[in-house]
Amino acid sequence: MPNKHNLILLVLIGIASGMIPLLMGSTLFVWLKENGLNIQTIGLYSLTNLPIAFSFALSAGLEYCSYKKYFSYKWIMIIALLIASSAIFYLPQAIHRPYLLALNCVILSLAASIVRIIMLALQKILFPQHYLVWIINLSTISYKLGIILGGSLALF
């Protein structure tokens, strides 16, 4: 049986990384529409999800820097989660300023990409190979639980 602390860590990271794309994907667009922005401007905000699309390059950069011992995954994960928390906290204040909102969304998208990449790396680092299918299912379920929790909190 894998270490219980590692399982709890994986579930918490999965929930946190599931909440962020929901805020960036659908909830933000509803908030922008309620604040009177037109559809074209709201469509441009979908470009802030580009860091998620280019996560393959970000993953290679993180792996290279980790291999060269510039930083550890643990510290970059903590920093990314703190940045994501700050960006989510600042999101309601930035809605009325389009440029700050776009910058905030890019930062949030970048932090979400980093958290997701490191979560996928932690699956292979922290757990033995024979538990890998079970661990991948657990992280997928926790990610989807984060989406449900994020949607519920956004509606609240």
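Contact here means heavy atoms within 4.5 Å. Keep that in mind as we explore this predicted model.

**Exercise 1.** Find which residues Ile-76 touches, not counting residues up to four places away in sequence.

*Solution.* Start at Ile-76 and set aside its sequence neighbours up to four places away. What remains is a list of four names: Leu-62, Phe-71, Ile-114 and Ile-118.

**Exercise 2.** Place Ile-76 in the largest nonpolar core, and work out which helix gives that core its largest share.

*Solution.* First, the core has 16 residues, and Ile-76 is among those that touch the most other members, together with Ile-13, Met-77, Ile-114 and Ile-118. Next, look at the helices: helix 1 (4-34), helix 5 (73-94) and helix 6 (98-126) each supply at least two residues of this core. Finally, helix 6 gives the largest share, with six residues. There is also a second, separate core of ten residues, including Leu-32, Tyr-45, Leu-91 and Ala-94.

**Exercise 3.** Classify the ring pair of Phe-54 and Phe-56 as stacked, edge-to-face or tilted.

*Solution.* A pair of aromatic rings is described by the distance of the centres and the angle of the planes. Take the distance first: the centres of Phe-54 and Phe-56 are 6.1 Å apart, and the cut-off for pairing is within 6.5 Å. Now the angle: the planes stand at 50 degrees, so the pair is tilted. As for accessibility, Phe-54 is partly exposed, at a relative accessible area of 47%, while Phe-56 is exposed, at 60%.

**Exercise 4.** Find the ring that the charged end of Arg-116 sits over.

*Solution.* Follow Arg-116 to its charged end, and you arrive over the ring of Tyr-143, 4.3 Å from the ring's centre.

Technical notes: Residues numbered from 1 in each chain as written. Predicted model: local features only at pLDDT ≥ 70, side-chain atom pairs only at ≥ 80, totals over all residues. Heavy atoms only, no water. Phe/Tyr/Trp six-rings, centres within 6.5 Å; stacked < 30°, edge-to-face > 60°. Buried < 20%, exposed > 50% of the residue type's maximum accessible area, 1.4 Å probe, protein only. Lys NZ or Arg CZ within 6 Å of the ring centre and 35° of its normal. Core = buried A, V, L, I, M, F, W, Y, C linked by side-chain atoms within 4.5 Å. Helix = DSSP H or I, 4+ residues; strand = E, 2+ residues; numbered from the N terminus.
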